[in-house]
Amino acid sequence: MVKHIVLYTFKEGVDKDDAVKLIASVLEPLVGKIPGLLHLEIRRAFNGMDYALYSEFESREALSAYAVHPLHQEAKTHFFHLLDSRVAADYEA
């Protein structure tokens, strides 16, 4: 199993609570629709970054496939313009 963690900040002026709700509404439903994506959750962060994405994948290959999957790419069009910065880490469990 691969765990994928990404921490994000929003651009200045973005309503953070509304943005997190939007992002969760388009990404969390992808579980069960993208092969190998086992779990995904979006939560507002309270220490440094604005929000955290935590997800689990069957394998490294599944994570790579998720990154370019059409459903994931379409979902990003709803919120990617709101983001300022990100930092990610992946590890095998």
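Tutor: A salt bridge here is a side-chain nitrogen of Lys or Arg within 4 Å of a carboxyl oxygen of Asp or Glu. Keep in mind that this is a predicted model.

Student: OK. How many salt bridges does that rule give?

Tutor: The count comes to five. One of them joins the side chains of Glu-92 and Arg-60, at 3.3 Å from N to O.

Student: Where do Glu-92 and Arg-60 lie?

Tutor: Glu-92 belongs to strand 4 and Arg-60 to helix 2, so this pair ties together parts that are 32 residues apart in sequence. Helix 2 covers residues 60-68.

Student: Is Arg-60 buried or exposed?

Tutor: Arg-60 has a relative accessible area of 54%, and the cut-off for exposed is over 50%, so Arg-60 counts as exposed. Glu-92 is exposed as well, with a relative accessible area of 54%.

Student: What else is Arg-60 in contact with, leaving aside neighbours within four places in sequence?

Tutor: With those neighbours left out, Arg-60 is in contact with Val-2 and Glu-92. As for Ala-93, its C-alpha is 11 Å from that of Arg-60, and the two are 33 residues apart in sequence.

Student: Let's switch to the sheet. What is the strand order?

Tutor: The order is 2-3-1-4, in an open sheet of four strands with antiparallel pairing. Strand 2 (37-44) and strand 4 (83-92) are the edge strands, each pairing on one side only. On average, neighbouring strands are turned by 15° against each other, direction ignored.

Student: And how many bridges are there between strand 1 and strand 3?

Tutor: Seven bridges, in the antiparallel sense, between residues 2-10 of strand 1 and residues 51-57 of strand 3. Within that pairing, Leu-7 stands opposite Ala-52 in strand 3.

Student: Which strands does helix 1 touch?

Tutor: Helix 1 (residues 16-27) packs on the sheet and touches strand 1, strand 2 and strand 3. The direction of helix 1 makes about 170° with that of strand 2.

Student: Back to salt bridges. Which residue does Lys-3 pair with?

Tutor: Lys-3 pairs with Glu-56, and their closest N and O atoms are 4.0 Å apart. Lys-3 is in strand 1 and Glu-56 in strand 3, so the pair ties together parts 53 residues apart in sequence.

Student: Are Lys-3 and Glu-56 buried or exposed?

Tutor: Both Lys-3 and Glu-56 are buried.

Student: What does Lys-16 do?

Tutor: The side chain of Lys-16 meets that of Asp-50 in a salt bridge of 3.0 Å, N to O. Lys-16 lies in helix 1 and Asp-50 in the loop between strand 2 and strand 3, so parts 34 residues apart in sequence are tied together.

Student: Why does Asp-50 count as buried?

Tutor: Asp-50 has 9% relative accessibility, and buried means under 20%, so Asp-50 falls in that class. Lys-16 is partly exposed, at 31% relative accessible area.

Student: Last topic, the nonpolar core. How many residues are in the largest one?

Tutor: The largest nonpolar core has 26 residues. Among those with the most contacts inside it are Phe-10, Tyr-66 and Phe-79.

Student: Which element gives the most to this core?

Tutor: Helix 1, with six residues. The elements that give two or more are strand 1, helix 1, strand 2, strand 3 and helix 2.

Student: And which residues is Phe-79 in contact with, neighbours within four places aside?

Tutor: Phe-79 is then in contact with Leu-22, Ile-23, Val-26, Leu-27 and Tyr-51.

Definitions and conventions. Residues are numbered from 1 along each chain as its sequence is written. This is a predicted model: local features need pLDDT of at least 70, side-chain atom pairs count only at pLDDT 80 or more; totals for chains, interfaces and linings use all residues. Side-chain values use heavy atoms; hydrogens and water are left out. Two strands pair if DSSP finds at least two bridges between them. Axes are lines fitted to C-alpha atoms, for helices over the stretch in contact, and angles run from 0 to 180 degrees between N-to-C directions. Contact means heavy atoms within 4.5 Å. A nonpolar core is a set of buried Ala, Val, Leu, Ile, Met, Phe, Trp, Tyr and Cys residues joined through side-chain atoms within 4.5 Å. Buried means under 20% relative accessible area, exposed over 50%, partly exposed in between (1.4 Å probe, protein chains only).
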